[in-house]
Amino acid sequence: MRTLTLDIGNTTVKYGCFEDDVLRETAIAQTKEQVGEVVQRWKPTHVILASVAGPTDTWAADLCAQVPGRIVEFKPASTPLPIRNGYATPQTLGADRLAAAVGAAWLRPGRDTLIIDAGTAIKCDWVEGGHTFRGGSIAPGLRLRFQALHTFTGRLPLLEMPPTC
Ligand SMILES: Nc1ncnc2c1ncn2[C@@H]1O[C@H](COP(=O)(O)OP(=O)(O)O)[C@@H](O)[C@H]1O
Ligand SMILES: CC(C)(COP(=O)(O)O)[C@@H](O)C(=O)NCCC(=O)O
């Protein structure tokens with residue numbers, strides 16, 4: 001079984017190519033065309049995706065139409081989980097945050113874990129005892145902070161992150 005996993009964020013798409021349970025390739029795609037090239041080259045039989053991008057973004061559905069097997073979308077309010085979701089409003093929770101919690105519980109079974117995920121936004125989330133997602137905080141990411149400081153002040157220049165950052 002060849003499975004493509006897609007983590008569609010607000011800035012980039014992170015993908016992983018699995019052959020059965022073995023991760024063969026993982027990378028960051030900057031454009032949807034790059035993800036299309038991975039589908040053409042890797043020829044996945046199945047796709048598992050989680051997205052926090054806007055609902056008008058239909059390119060993922062177009063890509064999945066090229067894949068013969070199952071397409072599974074990870075949805076916080078309905079996807080069965082190996083942990084309990086203690087978030088008060090699962091229907092508004094970002095799939096990336098809950099997926100990270102499932103990953104953290106798998107990496108640190110039975111342990112309290114703080115997840116810090118620095119993307120477009122910086123999310124700090126808590127997994128209690130390796131069994132319950134407790135939620136956390138959402139704050140602007142680095143680029144948003146730079147943009148806000150430049151836009152809403154008179155004297156601060158717009159800083160760019162160095163390419164190696
Ligand atoms: N060294 C860094 N430390 C923390 N945040 C960073 C760093 N470099 C880039 N970023 C932030 O990460 C964002 C891109 O990360 P990414 O994982 O692609 O985001 P998303 O998951 O939201 O698509 C950038 O917009 C920037 O705000
Ligand atoms: C907070 C986010 C915008 C982060 O997106 P990202 O930085 O991964 O692109 C995303 O997780 C989201 O849209 N969350 C919905 C609100 C919530 O999780 O409570």
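**Sheet.** I started with the strands of this predicted model. Five of them make an open sheet, and reading across I get E3-E2-E1-E4-E5, with mixed pairing. The edges are strand E3 (22-29) and strand E5 (71-73), each of which pairs on one side only. I also looked up the twist: neighbouring strands here are turned by 15° against each other on average, ignoring direction.

**E1 and E2.** Next I picked one pair out of the sheet. Strand E1 (residues 2-8) runs antiparallel to strand E2 (residues 13-19), and I count seven bridges between the two. Which residue of E2 is the bridge partner of Asp7? I find Lys14 there.

**Helix on the sheet.** Helix H1 (residues 32-42) packs on this sheet and touches E1, E2 and E3. I checked its direction against that of E1 and got about 170°.

**Domains.** Then I stepped back to the whole chain, which is divided into domain 1 (2-73) and domain 2 (75-165). Their centres, taken over C-alpha atoms, are separated by 21 Å. For the contact between them, I note eight residues from domain 1 and seven from domain 2. On the domain 1 side of that contact, I sorted the residues by class: four are polar, two nonpolar and two charged.

**Ligand 1.** I went to the ligands after that. Twelve residues surround ligand 1, and the ones that come nearest are Gly9, Thr12, Gly119, Thr120 and Gly141. By class I have seven polar residues in this shell, four nonpolar and one charged. Where does ligand 1 lie with respect to the domains? Domain 1 and domain 2 both give residues to its shell, so ligand 1 lies between them.

**Ligand 2.** Around ligand 2 I list 13 residues, with Gly9, Asn10, Gly94, Gly119 and Thr120 coming nearest. The class split for this shell is six polar, four nonpolar and three charged. Which elements supply at least two residues each to the shell? I noted helix H3 (95-107) and strand E8 (121-128) as two that do. I asked about the domains again: the shell around ligand 2 takes residues from both domain 1 and domain 2, so this ligand also lies between them.

**Cross-check.** I went back over the lists of nearest residues. Gly9, Gly119 and Thr120 are among those nearest to ligand 1, and these three residues are also among those nearest to ligand 2.

Note on methods
Residues numbered from 1 in each chain as written. Chains lettered and ligands numbered in written order. Predicted model: local features only at pLDDT ≥ 70, side-chain atom pairs only at ≥ 80, totals over all residues. Near = placed C-beta within 6 Å. Nonpolar A, V, L, I, M, F, W, Y, C, P; charged D, E, K, R; others polar. Domains from an automatic or database assignment. Pairing = 2+ DSSP bridges. Helix = DSSP H or I, 4+ residues; strand = E, 2+ residues; numbered from the N terminus. Axes fitted to C-alpha atoms, helices over the stretch in contact; angles between N-to-C directions. Contact = placed C-beta atoms within 7 Å.
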